[in-house]
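Let's take a walk through this protein together, one region at a time. Have the model open beside you and turn it as you read.

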Amino acid sequence: MSMSKTTNTYNRQNWEDAEFPILCQTCLGDNPYIRMTKEKYGKECKICVRPFTVFRWCPGARMRFKKTEVCQTCSRLKNVCQTCLLDLEYGLPIQVRDAALKIKDDIPRSDVNKEYYVQNIDNEISKNDPTTPAGAVGKSAAASDLLMKLARTSPYYKRNRPHICSFWVKGECKRGEECPYRHEKPTDPDDPLADQNIKDRYYGFNDPVADKLMRRAAAMPKLEPPEDTSITTLYIGNIGEVLTEKTLRDHFYQYGEIRSVTMVAKNQCAFIEYTNRSAAELAAERTFNKLILGGRRLNIKWGRSQGRQTISAAEGVREILEPVPGLPGALPPPPESVGNNFFNLPGMMPAPPMIPPPPMPPAAFLFGPPAAAPIFPPGTAPTGIHYPSQDPSRMGASQGIGKPWPEEN
């Protein structure tokens, strides 16, 4: 293994010998049964030029092999992943995080000063908790609004895709679907994202990815409060199935007194109503595009006034019922001669007049002999019973109706 002259000045006891790397979830991949190869003192750190243990693995199917690029001392010094050099907590470049937290980079750049600085940091790390960041990052204040706006809430596995096949770009790749590289058009060489290097990202200087995220944060919209001061309700979207009413109430109660919390599980949203307008405005300002609960970024909007909704609905109905100008009027009724001629056929005689039905029998019919059958016009006499109500055994009638009462003994 060939090493530079700077590396030979180190004592071998200061070289890194680790059992597991410091990685973000994206670089580690979604495969729980991942395999890694470990090479002790395999390469020099790209920052401190000190030999360290190199880990190599494949994060998933159809992904490229990845390996650690910096040692764990430099990783903990900036609280970044050993492979992608992005912040472990927010998934953002160091330049964005340092600008949001106002952290000043005090790492020396010269070789001798860098060696001395890293040795002191390594001694400090060995005395503290190995899971906490060191240096200025560990002493920084709480998270800022900018970091909460740009923070990534889920892994971005697309970053682990293979590189573009150079033979396919030249039209000479003969592997077809078996080629482990991507068959896609490469990015424009003039694109700033095509020029990235590890040192600029680690020191937070001239990082094109950080510049793109800063421009995105400046162009983000703001949530303006409605003109109706009676609105004190906030709409909370994308709550999923994990967040409960108690979780939302406990978090939003810090901005003011809550009147009610309404959960709509079907649409995965909730409505939080405050007792006063100032509390609702404060909650909207502090949570819009910043709130992450249960690993989900919540969508915050203002609610609508119930009075305005009723007025708008009434206006919509009124607009539908208003007649359209310019249409012809209603047609006149047909003459009496064709009143029953539904098909308007010439020479068709009107239908004969209908004979009114006979009057209903008196109530004494229930206790005496049956009355005479009604008289129907010739040719129209019914056969049998027309309706169930005419059947004496139906509609609650007893079989004994129409029979004389039994004599008493």
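A good place to begin is an open sheet of 4 strands, which you can follow in the order β5-β6-β4-β9, with antiparallel pairing. The edges of this sheet are taken by β5 and β9 (299-302), and each has a single partner strand, so one side of each is left without a neighbour in the sheet. As you step from one strand to the next, the twist averages 20 degrees. Please keep in mind along the way that what you are looking at is a predicted model.

Now look at the pair β4 and β6, which run antiparallel and are joined by 5 bridges. One place to see this pairing is G237, which stands opposite C269 in β6. Helices come into the picture here as well. Helix α11 packs on the sheet and touches β4, β5, β6 and β9, while its direction makes about 145 degrees with that of β5. Another helix, α12 (residues 277-287), lies across β4, β6 and β9 and runs at about 145 degrees to β9.

The loops around these strands hold two residues that deserve a pause. Follow the chain from β4 (233-237) towards α11 (245-252), and in the loop between them you will find N238. Its phi is near 65 degrees, a positive value in a residue other than glycine. Is N238 buried, partly exposed or exposed? With a relative accessible area of 34%, N238 is partly exposed, because that class covers the values between the 20% limit for buried and the 50% limit for exposed.

The second of these residues is Q268, placed in the loop between β5 (258-264) and β6 (269-274). Phi of Q268 is near 55 degrees, and here too the value is positive in a residue other than glycine. The relative accessible area of Q268 is 29%, so this residue counts as partly exposed.

Let's move on to another sheet. This one is open and made of 3 strands in the order β1-β2-β3, with antiparallel pairing. Its edges are β1 (36-44) and β3 (66-67); each of them has a single partner strand, so one side of each is left without a neighbour in the sheet. Between β2 and β3 the pairing is antiparallel over 2 bridges. If you look for R56, you will find that its bridge partner in β3 is K67.

Strand β2 (residues 51-57) also contains T53, and this residue is worth a closer look. How much of T53 is accessible? The relative accessible area is 0%, so T53 is buried. You can see what surrounds T53 by turning to its contacts: leaving out residues up to four places away in sequence, T53 touches E16, D17, A18, K38, E39, K40, Y41 and T68.

Two of these neighbours also meet the T53 side chain through polar atoms. The backbone oxygen of E16 lies 3.2 Å from a polar atom of the side chain of T53, and the T53 side chain reaches the backbone nitrogen of A18 at 3.3 Å. As for T68, 15 residues separate it from T53 in sequence, and the two are 8.5 Å apart in space, C-alpha to C-alpha.

For a buried residue in a helix, turn to R201, which is found in α9 (residues 198-203). Its relative accessibility is 14%, so R201 counts as buried, since buried means under 20%. Which residues does R201 contact, leaving aside its neighbours within four places in sequence? They are C84, L85, L86, I94, Q196, D207 and V209.

There is also a stretch that comes with a label from a record. UniProt, in an unreviewed entry, lists residues 159-186 as "domain: C3H1-type". In the model, this span is 14% helix and 0% strand, and its end C-alpha atoms lie 15 Å apart.

Finally, step back and take in the whole protein. There are 13 helices and 9 strands, and buried residues make up 30% of the 409 residues. Among contacts between residues at least 6 apart in sequence, 62% join residues at least 24 apart. The accessible surface comes to about 28,600 Å², and 55% of it belongs to carbon and sulfur atoms.

Notes: Residues are numbered from 1 along each chain as its sequence is written. This is a predicted model: local features need pLDDT of at least 70, side-chain atom pairs count only at pLDDT 80 or more; totals for chains, interfaces and linings use all residues. Side-chain values use heavy atoms; hydrogens and water are left out. Buried means under 20% relative accessible area, exposed over 50%, partly exposed in between (1.4 Å probe, protein chains only). Contact means heavy atoms within 4.5 Å. A polar contact is a pair of N or O atoms within 3.5 Å; within protein, one must be able to donate a hydrogen and the other to accept it, and residues adjacent in sequence count only if both atoms are side-chain atoms. UniProt positions are given in the numbering used here, feature names are shortened, and annotations may be inferred rather than shown by experiment. Accessible areas come from the Shrake-Rupley method with a 1.4 Å probe; for residues, only the protein chains shown count as cover. Two strands pair if DSSP finds at least two bridges between them. Axes are lines fitted to C-alpha atoms, for helices over the stretch in contact, and angles run from 0 to 180 degrees between N-to-C directions.
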